[in-house]
Amino acid sequence: MCVPSCNVTLLQNGTYLRNGPGVWEVGDGSALGHLFDGYATLVRVSFRRGRAAGAHRQLESDAYRAAKERGRPLLREFAHCPTKPASLVDRARGVVGLVTGRALSDNANVAVLPLGDGRVMCLTETTRSSALIDPCTLATIGKFRYADALGGVIQAGHPVVTGSEFWTLLPDLVRPGHRLVRMAAGSSERNVVGRVDCRGGPTPRWLHSFAVTENYVVVLEMPLRYSISSMLKSELAQFYLFDWLPASGSYMHVVRKSTGKTVASVEVPPFMALHFINAYEEEGEDGQAAAVIADCCEYYADPAVLDALALHRLRSPRNSDAFPDGRVGRFRIPLDGSPFGELEAALDPDEHGRGMDMCSINPAYLGKEYRYAYGCSARWPCNFLNALAKIDLVKKTAKNWHDEDGAAAPSEPLFVARPGATREDDGVVISVVSDVHGGGYVLVLNGKTFGEVARVRLPYGLPYGFHGCWIAGKI
Ligand SMILES: [Fe+2]
């Protein structure tokens, strides 16, 4: 592949990596039925002196290998249950499999993360999914072995990773809550920093991602709760692995990184969010943090987005108004002991179009007051996110990009800063666009103007993917 008109002053040498689902069928037509369940396909696009070269490869998880060998999925996926246990012995085996995590999929199709020490990790929300890959060949090196005895079978889908550390949350299915853990770059040992107990209800809430500020970690509780019964009985709950229980309330907690102490725990309006965008501390008159602001992609407290991502819905006519509306939800969490927090739209959703998810920011602004976010949006009618938006959270406006023939699904727009940049939006945005005709291209947008810098037409189509990362320089 080559980049025909690439602006090399904007696009530094480096490698874009992306993870996501790519294979839903194994054996003789045995198929998974939800976007979240496709077996992980890694994509690499390396940019060097204005040219690009790419590759893709399947991640060799145990779940994928077993499905290929047996011709059918064998493990519990998000929306797929293995065969129900036929006997008491099988049921007992199933319980052991749940407790050890071995009955749960290790299909690490959510994120791909450079750990700051040269290692690159892929993962999904089961602890055993954590795997190391070679960023050059995309080969699966093997399991990431945590050098600790923390146990637990579930982890957040989006750890927060910087050059020096790795923060994540481990849901506790037995004593509902979340353990906050930290791992230093170069280490494989997680250390428990603190714990947040869930407020009300029998099980922890689903927590796909979370947010951090410079001094705090924001732990969320939305009404979507793990269904232990769904896991034990090998059957789908109301929303696959979860039940929607708004009567159990919605809460936000703020934990101090240095002590692990919870410094705020407030009730907030009900919400539904998979992805947090960023968070920062709002300064009071005394110069101390008076509140935490946390932004997310919010679906108006409606979990219907999970059903909207079932493959039979995504394969329905694309001109149906089937994709749920979304907005940038902004939480304000007071740190003065007040019992309630606020949630409102950070800008008029009409600015970016209907639908909003899969955001990235300039990573230099992680945990700090920031102005710009880049996300997938929707130009209706559509049944999936089909546009991109650059959001200005200060002016409360958006710049939008949309494929001219309207038949494309751009993946998460990843912001990459220009080397030496001083402005927040000085850089490029990279997205892989899948079109419904089976083709696709790598799209490079100017981070400031949101105009096209380059398109790299792919020799073959790639499925829609989830999350990516950037590794500067040569790998
Ligand atoms: Fe995600």
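Helices here are DSSP runs of H or I with at least four residues, numbered from the N terminus. Keep in mind that the model is predicted.

**Exercise 1.** Find what the backbone does just after α2, and check how far the helix reaches.

*Solution.* Start with the helix: α2 covers residues 88-100, 13 residues in total. From first C-alpha to last, α2 reaches 18 Å, close to the 18 Å expected at 1.5 Å a residue. Now step past the end: G101 takes a positive phi of about 85°.

**Exercise 2.** Work out whether strand β1 is largely enclosed or not, and which strands pair with it.

*Solution.* First, burial: a residue is buried if 20 or more other C-beta atoms lie within 10 Å of its own. In β1 (residues 14-18), 4 of the 5 residues are buried, so the strand is largely enclosed by the rest of the structure. Next, partners: β34 (residues 468-472) pairs with β1 over 5 bridges, antiparallel. Strand β5 (residues 39-48) also runs antiparallel to β1, again with 5 bridges. Last, look at Y16, which stands opposite W470 in β34 and opposite V45 in β5.

**Exercise 3.** Pick out the residues that touch the most other members of the largest nonpolar core, then follow V442.

*Solution.* The core holds 139 residues, and the ones to pick are F210, V218, A294 and V442. Leaving out residues up to four places away in sequence, V442 touches V45, A52, I430, V432, V456 and L458. V45 is already familiar: it's the β5 residue opposite Y16.

**Exercise 4.** Decide whether the radius of gyration of the chain agrees with a compact globule.

*Solution.* For 475 residues, a compact globule would come out near 23 Å. The chain has 21 Å, which agrees. As for burial, 50% of the residues count as buried.

Technical notes: Residues are numbered from 1 along each chain as its sequence is written. This is a predicted model: local features need pLDDT of at least 70, side-chain atom pairs count only at pLDDT 80 or more; totals for chains, interfaces and linings use all residues. Helices (H or I, at least four residues) and strands (E, at least two) are DSSP runs, numbered from the N terminus. The expected span of a helix is 1.5 Å times one less than its number of residues. A nonpolar core is a set of buried Ala, Val, Leu, Ile, Met, Phe, Trp, Tyr and Cys residues joined through C-beta atoms within 7 Å. A residue is buried if 20 or more other C-beta atoms lie within 10 Å of its own, exposed if 12 or fewer, and partly exposed in between; C-beta atoms are placed from the backbone. Two residues are in contact if their C-beta atoms, placed from the backbone, lie within 7 Å. Two strands pair if DSSP finds at least two bridges between them. The radius of gyration is taken over C-alpha atoms; the globule rule is 2.2 Å times the number of residues to the power 0.38.
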